[in-house]
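Hi,

Here is the structure I promised to pass on. Have a look at it first, and then read on for what turned up.

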Amino acid sequence: MNIQELIGSAPTILLIVASVLVILVVAFILFFLVPGVLHWFRLRRIQRRIAKFSSQNFAAEFKKVFAGDKRLSHLWKEYQDSLHFQHEDRDGQSVVSAVRATVPAELFFNSQFVVDSRLRSEFFKHLPGLFTGIGIIGTFSGLIEGLRQFQVSENAATVRSSLEMLMHLVGEAFLISAAAITAAMLVTLIEKLLLASLYRRAEEISHDIDARFDSGAGKNTFPDWSKRRKILPANPKFSKMLWSRNWASYCESLPTLRSHRRRSNKHFWLTDSRKRHGGTTRRWALLL
C-alpha cells in the first residue's frame with residue numbers, strides 16, 4: 001500500500017491529528033531551529049570581533065559590534081547608560097580618563113534577553129509535551145474509529161472484514177503515535193543542544209564586556225571634600241542642596257562603597273535639616 005492509498009483510506013480524525021503534527025514540526029523548524037542557528041552564527045561573529053578589538057575605546061568598539069542587530073544594539077545602549085565616565089583635567093580640558101562599570105553586564109546581556117525572547121523558547125520548551133499528547137489522541141482516535149466500524153455478524157466473511165478494518169485503523173493510529181513520540185524526542189534533543197550553546201555564547205559575551213571595563217569606583221570617583229570639611233557642618237543650605245540632588249543615593253548606589261570604607265576611616269556627616277518622624281534628623285556619612 002502506497003502513501004496515497006494510506007491517506008485515502010485513513011479516517012478524517014487521524015488525518016486531522018497527523019496534519020496538526022506536521023504543522024507543529026514545520027513551525028519548530030521555521031520559527032526556532034532556523035532562527036536559532038542564525039543567531040548562533042551571529043553571536044559567534046560578535047565574539048570574534050570582540051576578540052579583535054584594536055583600540056582602547058571599548059565603549060565605541062562595542063557600539064559598532066552591536067550596531068548590526070537592533071535588539072543587541074538596544075541592550076548595549078541600556079548598558080552604556082549605566083557606565084561611569086571618569087574625567088580629569090588635562091591642559092585645561094576635561095577628558096575621559098577611565099570608564100567604569102557600575103553593574104554586571106549579565107543584567108542586560110543574559111539568556112532571557114539575548115536568547116529566550118528572540119526564539120520564543122518558552123513556547124518551544126513545551127512542544128515535546130504537545131507532540132506526546134497528539135500521539136495519544138491519535139492512538140485513541142484510531143481505536144475508537146476501528147471499534148465503531150467493527151461489525152458483529154454470524155457471517156465469517158463480515159467478521160473477517162471487520163477485523164481487517166480494525167487492525168488497519170489500529171496500525172495507522174500507532175503509526176501516528178510513534179511519529180509523534182519520535183518528533184518529541186528529536187525536538188527535545190535539538191532544542192536542548194541549541195539552547196545550551198546559545199546560553200554559553202551569551203554568557204561569554206557578558207564576560208567579555210565585564211573584562212573590558214573596570215568595576216567599582218576609582219580614586220577620582222568621589223569629589224575632593226577634604227577642603228570643605230569645616231564648611232559643611234556649619235552650612236545647612238549646602239546640605240539641603242546635596243539632599244535635593246540625591247547625592248546620598250548616588251553614594252549608596254556605588255558597588256564599592258564598602259571597599260572605600262575599608263580603605264579610609266575618614267568621614268563626616270551631612271545633616272538633612274528637614275525633620276523626620278518624631279523630630280529626629282536624618283544624617284548621611286560621606287566617605288573620603
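Let me begin with a charged residue that is covered up: E145 is buried, with a relative accessible area of 14%. Please keep in mind that this is a predicted model.

E145 has a partner, R148, and the two form a salt bridge whose closest N and O atoms are 2.5 Å apart. Both sit in helix 7, and because they are three residues apart, about one helical turn separates them. The two ends of this pair differ in their cover: R148 is exposed, at 60% relative accessible area, whereas E145 falls under the 20% limit for buried residues.

How many salt bridges does the structure hold? There are four. In general terms, side chains of opposite charge can pair when their charged atoms come close.

Another of them joins the side chains of D69 and R42, with 3.6 Å from N to O. D69 belongs to the loop between helix 3 and helix 4, while R42 is part of helix 2, so this bridge ties together parts that lie 27 residues apart in sequence. D69 is buried at 11% relative accessible area, and R42 counts as partly exposed at 22%.

Helix 8 has a bridge as well. There R200 pairs with E204, the closest N and O atoms being 3.1 Å apart. These two residues are four places apart in helix 8, about one turn. R200 is partly exposed, with a relative accessible area of 40%, and E204 is also partly exposed, at 28%. Elsewhere, salt bridges with shared partners link R42, D69 and R118 into one network.

R118 comes up again around R71. R71 has its place in helix 4, which covers residues 70-81, and it is partly exposed at 45% relative accessible area. Leaving aside residues up to four places away in sequence, R71 touches S117 and R118. The C-alpha atoms of R71 and F113 are 8.7 Å apart, although 42 residues along the chain separate the two.

Now to the nonpolar side of things. Which residues of the largest nonpolar core touch the most other members? Out of its 45 residues, they are F62, F66, W76, Y79, F109, I209 and F213. Several helices feed this core with at least two residues each: helix 2 (12-51), helix 3 (58-66), helix 4, helix 5 (111-119), helix 7 (127-149) and helix 8 (156-212). Helix 8 gives the most, with twelve residues.

F109 is a good place to zoom in. Setting aside residues up to four places away in sequence, F109 touches F66, L72, L75, W76, Y79, V114, A202, S206 and I209. F66, W76, Y79 and I209 from that list are also among the residues with the most contacts to other core members.

Not every nonpolar group is hidden in the core, though. On the surface, V22, V26, I29, L30, F31, V34 and L38 form a nonpolar patch with about 610 Å² of accessible area together. One of these residues, V34, lies in helix 2 and is partly exposed, with a relative accessible area of 38%.

Happy to go through any of this with you whenever it suits.

Best wishes

Terms used
Residues are numbered from 1 along each chain as its sequence is written. This is a predicted model: local features need pLDDT of at least 70, side-chain atom pairs count only at pLDDT 80 or more; totals for chains, interfaces and linings use all residues. Side-chain values use heavy atoms; hydrogens and water are left out. Buried means under 20% relative accessible area, exposed over 50%, partly exposed in between (1.4 Å probe, protein chains only). Contact means heavy atoms within 4.5 Å. A nonpolar core is a set of buried Ala, Val, Leu, Ile, Met, Phe, Trp, Tyr and Cys residues joined through side-chain atoms within 4.5 Å. Patches are made of residues with over 30% relative accessible area and no salt bridge: like charges are joined within 9 Å, nonpolar side chains (Val, Leu, Ile, Met, Phe, Trp, Tyr) within 5 Å. Accessible areas come from the Shrake-Rupley method with a 1.4 Å probe; for residues, only the protein chains shown count as cover.
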